[in-house]
Amino acid sequence: MSGDKTFYLETFGCQMNVHDSEKVIGTLVHEGYRQVQTVEQADLILYNTCSIRDKAEQKVFHRLADFKKLQSQGKKFGVLGCVAQQEGEKIFERAPHVSLVCGSASYTNLPQMLKQLETVPQENPKEAHSSKLTAQSLIRITGLDDRATDKCFETEFTARTNPHRGYITIIEGCDKFCAYCVVPFTRGKERSRTSESVLAEARQMADLGYTEIQLLGQNVNSYKDSAGKSASRKSFAELLVAVGEVPGIKRVRFTTSHPRDFGRDIVDAIDAVPTLCDHVHLPVQSGSNKVLQAMQRLYTREQYEERIAWMKSAERDIAITTDVIVGFPGESDQDFMETLNLLDEVGYDGVFTFKYSPRPNTPALSLQDAIPDEEKSRRLEALMQRQKEIQIKRYKKYLGTTQEVMVEAKNESRKQWIGRTTQNKTLNFTAPETSVPQIGTYVNVKATQTFPNSLLGELVI
Ligand code: 5AD
Ligand code: SF4
C-alpha cells in the first residue's frame, strides 16, 4: 500500500460495536488512511463482526468468500470484533486471503498491527489464480488478547458519525458469564475507564456541540472507577450525575444495565438530575426463577420486581424496556407463561425478543432439553403479540400530551420530521413551512395519534 491508503469498514451488531468502529475509523484516519464507501475503492477491507446470536460465524465466512475474488486486485482483508476473537486463527485456515484477525480487546494495538499489515506484499494479479499460497496469505497478524487485557480502547481520534448524539464507552468486557452468552469470551474481562477520562471526553464533546451522550458498556452498573484516591472515586450513579451536569449536555442515556448490579441510587440520580433521560433498559431474559437460575443470571424474579418498583415509585415517568430470550433449554410452558405474565405486570415500553441460540464456549451448550425451533418460534410470536397489546395501551396515554423531542431526521416521503422523546420513543411530527426545525435541536411536539411503536404529532410553535 503506498500513497493514498484507503479502507472500507462494514459493521454488524450492537451499539458497542458501532462505537468501536467509530474509534477504529478514527485510529485508521490518524494513521493516514482514508475511509471510502465501497469495497471497490478500498485497499483494505475490514469487517467488524458480531457473534451474539444465530450462526454468525457462518455468515462471516460466506461474506469473506464473496470478498476472495477481490484479492486479485491487491486488496487486503481484516476481520475485527467478536467473531474474530471467537474463531481466532481458524479464520486464516478457512479464509487464507485474510491477513488480520483482531478482537476488540486488542484494538489498542491497532496502529502497530496496521504497520505490520503495510509490509504485507500485495497479491500479484498474474498469480492470482494459481493454487499456491501467496506471500500475502502467509502473513497473519493477530490481536487475540482474549481475557488477558486490562486496557480499555481509549483514543482521542474517535470518528463520530452523528454530530449531536455521541457514545462514550465507560466499561468494556463482562465478568458475568450468563450461561447463554458469548460476550465474556469475545470481549474479555471487565475493565472500567477512570471517571476523569470519561468526564474529559464528555466535556470535549459538549465543546464540540454534542448535546446527547450515551454511556456504553456490556454491564454499566458494575462500573468501577480506578481514578485517584478511593474517596474521590465515582460509583456508576455518581458518574451519571457528573456527566449529566456537564454544561451543554441536555440528555444522558446509558446501556446496558444488569439487574443484579442495578442500584436504587440510579433511580435517585434520574429523579435528581433533569438531563438524565426517563428511560432504563433492564434486560430480564425470563420471568421464571427456574430459567433465571439455569441462565446463571444471579437474581430472582422477586429481586427484579423490586428494581421495577423503585423505578415506578420515582417522581419521573421512567420508561422501562427489556430483553427476553425464549426457548432456553428446559423452558417449560409454565416457565414461558411466567414470562408473559411478567410483561403484563411490568407494562414495558419495549421488549427485544430473541430465540435462544447455542453459542460456542458457553455453559448452556451442555444443557439437556433443547426446545425445538418451531416451539421457540411459537413462543416468540406469542410474546411479541402480547407485548404489542401492552404497547398499544402504553403509547395511548401520550395522546394529547406535549413532549420535548430531539429532531433526528426528516422523512422526505412522508413530509414528517423524526423526533425522539426523553423516554426513547419515536415521535414523528409535521411542522409548518414557516417553522422548519433544525436537525439536532430540541422542540416541543403535541402527540395527536399513537401506534404500537411510535407516536405522531404536530410541532408546538
Ligand atoms: N441466544 C439468544 N439471545 C441471546 N442474547 C444474548 N445471547 C443470546 C443467545 N445465545 C440476547 C440477550 C441479551 C441481548 C443483547 O441478546 O437477551 O440481553
Ligand atoms: Fe452476556 Fe450476561 Fe455479560 Fe450481558 S451480563 S454481556 S448477557 S454475560
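This report looks at one helix, a strand barrel and a histidine in a predicted model.

## Helix 14

Helix 14 runs over residues 373-396, and its length checks out nicely. With 24 residues at 1.5 Å a residue, it should span 34 Å, and its end C-alpha atoms do sit 34 Å apart, so the two figures agree.

Quite a list of its residues is buried: Glu-375, Lys-376, Arg-379, Leu-380, Leu-383, Gln-387, Ile-390, Gln-391, Arg-394 and Tyr-395. What lies over them? The cover for these buried residues includes helix 13 (333-346) along with strand 13 (319-326), strand 14 (350-355), strand 18 (442-450) and strand 19 (454-459).

## The barrel

Strands 18 and 19 turn up again here, as members of a barrel that 5 strands close in the order 15-16-17-19-18, with mixed pairing. On average, neighbouring strands of this sheet are turned by 50° against each other, ignoring direction.

Zoom in on strand 17 (residues 426-430): it pairs with strand 19 in the parallel sense, over 5 bridges. Across that pairing, Asn-428 stands opposite Leu-456 of strand 19.

## His-279

Now for a single side chain. His-279 belongs to strand 12 (residues 279-281). Is His-279 buried or exposed? Its relative accessibility is 15%, and the cut-off for buried is under 20%, so His-279 counts as buried.

The His-279 side chain makes a polar contact of 2.8 Å with the side chain of Thr-321. Leaving aside residues up to four places away in sequence, His-279 touches Arg-253, Phe-254, Ile-318, Ala-319, Thr-321, Thr-422, Gln-423 and Asn-424.

Key. Residues numbered from 1 in each chain as written. Chains lettered and ligands numbered in written order. Predicted model: local features only at pLDDT ≥ 70, side-chain atom pairs only at ≥ 80, totals over all residues. Heavy atoms only, no water. Helix = DSSP H or I, 4+ residues; strand = E, 2+ residues; numbered from the N terminus. Expected span 1.5 Å × (residues − 1). Buried < 20%, exposed > 50% of the residue type's maximum accessible area, 1.4 Å probe, protein only. Contact = heavy atoms within 4.5 Å. Pairing = 2+ DSSP bridges. Axes fitted to C-alpha atoms, helices over the stretch in contact; angles between N-to-C directions. Polar contact = N/O pair within 3.5 Å; in protein donor to acceptor, adjacent residues only side chain to side chain.
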